[in-house]
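Subject: Handing over the structure

Hi,

Here is the structure I promised to pass on to you. Have a look at it first, and then read on for what turned up.

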Amino acid sequence: MEVLLDYIFTAQTLILVFVVVLLKTSIKFVPQNRAYVIERFGKYQSSKEAGLNFILPFIDRISADRSLKEQAVDVPEQSAITKDNISLHVDGVLYFRVLDPYKATYGVDDYVFAVTQLAQTTMRSELGKMELDKTFEERDMLNTNIVTSINDAAGPWGIQVLRYEIKDIVPPQSVMEAMEAQMKAERVKRAQILESEGDRQAAINRAEGQKASVVLAAEADKEEQVLLAEGEAKAIVAVATAQAEALRQVGEAAATEEGQKAIQLDLATKAIEAKQAIAKESSVVLLPDNATEASGVVAQAMTIINQLNKG
């Protein structure tokens, strides 16, 4: 009886172990961004993505574990010849990811090696279409062309190339020296052009300044002449107005009795002064009929003045 119990216990233990092993082999937890390729009797059965998955134990097996993350692969340095027959050494970095685990497993033996070699050959082909100067100026376009060409060829492998970056382009030493000399000449040329442009602009500024100075001087002279003319005109008008006012006042005074006397007195005075002036300038003096001496002229004038005063 005890032997039977031991046998039953051992059998139960074996069954339990078998069940545990069976569950362990049939339950598969696939990590995030990974995929398991399952084969059944050596033939592709399915692709298991992230999460809880079940397979048939002892019948199904995991033939490949593929990462679906973006991968970066260094493309080794290689030589390439440009369109103008210049030998270059170029290296880069390739970024890609697996889109189809089935194709990446059964479409190519080693997809990393395959896509790396494809990147090298494509880069040599694209560089052969460009001249040396263009390889430096149009690096972005070169990277884009390489990515497009690789994706066209890597489609059956279930691989998508996201981008390709050229790390370094090294031309021969002689070409580098020539390029350096060319860049130095370009810098000297630009400096000379900038200097000549500065001289030309300075000459233009000086000419414009002189022109503006002449214009301002002419305008100032014109303003001065206008002001002088206006001043002279105003002075003439003022003098004429004063003279007119004086004549008006004289006319008004002459119309009175006192004014007539004043006019007669002024005329007599001027007649005497004229005769005196004539006497000074000439030895011959013409006198009135009733006056034979200068004293008589004076007395006559005084008589006239006295008569005017009495009247």
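Let's start with a pair of charged side chains. R34 makes a salt bridge with D65, and their closest N and O atoms sit 3.1 Å apart. R34 belongs to strand 2 (residues 34–40) and D65 to strand 5 (residues 60–67), so this contact ties together parts that are 31 residues apart in sequence. Keep in mind that this is a predicted model. As for cover, R34 is partly exposed, with a relative accessible area of 25%, and D65 is partly exposed too, at 37%.

A second pair links these two strands: R61 forms a salt bridge with E39, with 2.9 Å between the closest N and O atoms. Here R61 is the residue in strand 5 and E39 the one in strand 2, so the pair connects parts 22 residues apart in sequence. Is E39 buried or exposed? E39 is buried, because its relative accessible area is 9% and the cut-off for buried is under 20%. R61, on the other hand, has 48% relative accessibility and counts as partly exposed.

If you are wondering what lies behind such contacts in general, side chains of opposite charge can pair when their charged atoms come close.

How many salt bridges does the structure hold? There are 7. One more worth finding is between the side chains of E197 and R200, at 3.1 Å from N to O. Both residues are in helix 6 (residues 173–254), and being 3 residues apart, they are separated by about one helical turn. E197 counts as partly exposed at 40% relative accessibility, and R200 is partly exposed as well, with 47%.

Next, the hairpin. Strand 6 (71–81) and strand 7 (87–98) run antiparallel and are joined by 9 bridges. To find your way along the pairing, take Q71, whose bridge partner in strand 7 is F96. The hairpin has 5 residues between its strands, and N85 takes a positive phi near 65° there. D84 is also in the loop between strand 6 and strand 7, and with 34% relative accessibility D84 counts as partly exposed.

D84 also has a part in a surface feature: together with E131, D133 and E137, this residue forms a negative surface patch.

While you are at strand 7, look for G92, which is found in that strand. G92 is buried, with a relative accessible area of 0%. What is the separation between the C-alpha atoms of G92 and I169? The two atoms are 9.2 Å apart, although the residues are 77 apart along the chain.

Last, there is a nonpolar surface patch of about 970 Å². Its members are I15, V17, F18, V19, V21, L23, F41, L56, F58 and I59. Of these, I15 is found in helix 1 (residues 2–26). I15 is exposed, because its relative accessible area is 53% and exposed means over 50%.

If you want a route through the model, I'd go from the R34 and D65 salt bridge to the R61 and E39 one, then on to the hairpin of strand 6 and strand 7, and finish at the nonpolar patch.

Cheers

Note on methods. Residues are numbered from 1 along each chain as its sequence is written. This is a predicted model: local features need pLDDT of at least 70, side-chain atom pairs count only at pLDDT 80 or more; totals for chains, interfaces and linings use all residues. Side-chain values use heavy atoms; hydrogens and water are left out. Patches are made of residues with over 30% relative accessible area and no salt bridge: like charges are joined within 9 Å, nonpolar side chains (Val, Leu, Ile, Met, Phe, Trp, Tyr) within 5 Å. Accessible areas come from the Shrake-Rupley method with a 1.4 Å probe; for residues, only the protein chains shown count as cover. A salt bridge is a side-chain nitrogen of Lys or Arg within 4 Å of a carboxyl oxygen of Asp or Glu. Lys and Arg count as positive and Asp and Glu as negative; His and the chain ends are not counted. The place of a charge is taken as NZ of Lys, CZ of Arg, CG of Asp or CD of Glu. Helices (H or I, at least four residues) and strands (E, at least two) are DSSP runs, numbered from the N terminus. Buried means under 20% relative accessible area, exposed over 50%, partly exposed in between (1.4 Å probe, protein chains only). Two strands pair if DSSP finds at least two bridges between them.
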